[in-house]
Amino acid sequence: MIGYGRYRGYQVGRDYKKAHRKKTVIILAIAAALVLCGASLAGWLMHGRKAPSIHSETLAGIDIETIVELNDTQIAVHYPRTKNDAVNQVLHDFATTTVSDFKRDVVNYPHSRDELNMSFKTYRYSEDIVSFAFTKYTIHDWQANGEDSLATMTFNLKTGQQYQIGDVLVGQYLDALSGRIFNHLKNKAEFRDEAQRAALRDGLAPDANNFRNFVLDANKITFLFGPYQLGARDVPEQKVSFKLSDLKSYLAEPFRTAPPPLPQPAAPPAAAQPKPVDTGDLNGKKLVALTFDDGPHPTNTNVLLDTLRREKVNATFFVLGSRVEYYGDVVRRAYEQGNQIASHTTNHKSLTGLSPAERQFEINSTITAIEKTIGVRPTVMRPPYGAFDDAVRADAGMPLVLWSVDPEDWRYLNADTVYGNVMSHVADGSIVLLHDIHATSVQAAARIIPDLKSQGYTLVTIDQLIKTRGGDYTPGRVYYSM
Ligand code: ZN
């Protein structure tokens, strides 16, 4: 395998769309009790719809790992895990190096509002050969603008080999790529200007480094060019694809014969049928809503669901759309046990720093992912980092649910501390923030739930809390506790 050191550098470009950094960050120290007027939920719930599987053959055997850190800085890094340990070491090192490099540039720690977000897309050439395309966004307090960058990696999951472009194409391929991609792009509006065209020629010079970012599909190769590589500062990311058959004379040995087609995805499961816990009449009872963010997680969420079933309680899961794609079965199980599935957006970006199109993508693609998985749309959303402004409220299309009890479980990663922090702050109407991607939080929940019950609390979902306490579903309304 080729050393991962070659991948430390992302292809970086400044993002001039994110002109002036405007962040409204809501930090909650105390519960704000809101007086709410009633309205009906009719029309939101559509039970019994057929839910197609979205876990495609492309993702078979690929897991998603998520690192989230809150408060001190805003970090959300998503990266893949495969069946090959050597490949996983490269991916893990890449992710942790990305985090430590970012932290080194955080000068006002721990009081900065710097942000790092990394996500990835998976492509599949064959059962064994996969490509990952990473996109990274960073902004520091000392920067007026954030930076977008990209990096790709292609692996053979059987042998652990990592493929560089020179392992896929051989011979005079650099001249061919340089000429063909130049001809493909030169007439686009952003390259018509003389200077910009010269920069395009430079960025596409026949050097393997200029073509290092590529992904392989079953029958094509796609080259990715970050926002700064092709010169002009406002040139967006460019993608150029070739059918592999069009590059036949340059293909290296393993890519010369087409791979067998990937297995067809399994038939979609039958529609999910929720069976909520019977809580009886909730009026007059002491209520607490436990909420779990940043999942689903293939192990920890399932352990939590075992606890919820054993204790006969329901909770609310604010899931990440990026992870729903990988763990739809966990989401379906949670929903079928009567738990509420709510949106935590797609990639855990701070929504207040995004362009309108990016913000709407983060919100809407998770609504779609949830609806595809369980057949119903979420009714509430929790913005990542609890950060929102008027634009987020306007685009959410549903209420924003924050929290009144934050045990900082992600920071302590200690079940005793998390248990103590929750039990000492909880009150009637509390919304408790936990993260089911952490085993320690799931262990804490196994003690919190029976102890809250023995103190006379009834555990409810956010929907139950809203309905019992006279809330409504006005889009953009913000709830902290009820
Ligand atoms: Zn979160």
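These numbered points walk through a predicted model, from its confidence to its strands, rings and zinc site.

1. Confidence. Start with how far the model can be trusted. The chain averages a pLDDT of 87. At least 70 is reached by 87% of the residues. Residues 1-9 stay under 50. Beyond four places in sequence, the model gives residues 1-9 21 contacts. Residues 12-54 are also below 50 in pLDDT. That stretch has 118 contacts in the model beyond near neighbours in sequence. Where pLDDT is low, the predicted coordinates should not be read in detail. Treat the contacts of residues 1-9 and residues 12-54 with that in mind.

2. Strands β4 and β5. Strand β4 covers residues 115-124 and strand β5 covers residues 129-139. A hairpin of four residues joins β4 to β5. The two strands pair in the antiparallel sense, over ten bridges. Follow the chain through the hairpin on screen, from β4 into β5. Within this pairing, Phe 120 stands opposite Phe 134 in β5.

3. Strands β5 and β6. Strand β6 covers residues 147-156. It also runs antiparallel to β5, with ten bridges between them. Two bridges are worth finding. Thr 138 has Glu 147 in β6 as its bridge partner. Ile 129 has Asn 156 in β6 as its bridge partner. β5 therefore has ten bridges to β4 and ten bridges to β6.

4. Cover over these strands. How many residues of β5 are buried? Ten of its eleven residues are, and the strand is mostly covered. In β6, eight of the ten residues are buried, so β6 is largely enclosed by the rest of the structure.

5. The pair Phe 120 and Phe 134. A pair of aromatic rings is described by the distance of the centres and the angle of the planes. The model has twelve aromatic pairs. One of them is Phe 120 with Phe 134. Their centres are 6.1 Å apart, and their planes meet at 45 degrees. That makes the pair tilted. Phe 120 lies in β4 and Phe 134 in β5, 14 residues apart, and the pair links distant parts of the chain. Both residues are buried.

6. The pair Phe 132 and Phe 155. This is another tilted pair, with 6.3 Å centre to centre and 50 degrees between the planes. Phe 132 is in β5 and Phe 155 is in β6. They are 23 residues apart, and the pair links distant parts of the chain. Are these rings buried or exposed? Phe 132 is buried because its relative accessible area is 0%, and the cut-off for buried is under 20%. Phe 155 is buried too, because its relative accessible area is also 0%.

7. The ring cluster. Which residues do ring pairs link into a cluster? They are Phe 94, Phe 120, Phe 132, Phe 134, Phe 155, Tyr 326 and Tyr 327. Both pairs described above have their residues in this cluster.

8. Charges over rings. Look at Lys 286 next. Its charged end sits over the ring of Tyr 457, 4.2 Å from the ring centre. Arg 382 has its charged end over the ring of Phe 318, 4.2 Å from the ring centre.

9. The zinc site. What coordinates the zinc ion? Asp 294 does so through OD, and His 344 and His 348 through NE2. The distances are 2.1 to 2.2 Å. Along the chain, these donors follow the spacing D-x49-H-x3-H. Asp 294 is in the loop between β10 and α5. His 348 is in the loop between β12 and α8. The two are 54 residues apart, and they link distant parts of the chain. Asp 294 counts as buried because its relative accessibility is 1%. His 348 counts as buried because its relative accessibility is 0%.

10. His 438. This residue sits in the loop between β14 and α12. Why does it count as buried? Its relative accessible area is 17%, and buried means under 20%. Leaving aside residues up to four places away in sequence, His 438 touches Asn 300, Trp 410 and Leu 413. Leu 413 is 25 residues away along the chain, yet the C-alpha atoms of His 438 and Leu 413 are separated by 7.3 Å.

Conventions
Residues numbered from 1 in each chain as written. Predicted model: local features only at pLDDT ≥ 70, side-chain atom pairs only at ≥ 80, totals over all residues. Heavy atoms only, no water. Phe/Tyr/Trp six-rings, centres within 6.5 Å; stacked < 30°, edge-to-face > 60°. Buried < 20%, exposed > 50% of the residue type's maximum accessible area, 1.4 Å probe, protein only. Lys NZ or Arg CZ within 6 Å of the ring centre and 35° of its normal. Donors = N, O, S within 2.8 Å, 3.2 Å for Na, K, Ca; no water. pLDDT = per-residue confidence, 0-100. Contact = heavy atoms within 4.5 Å.
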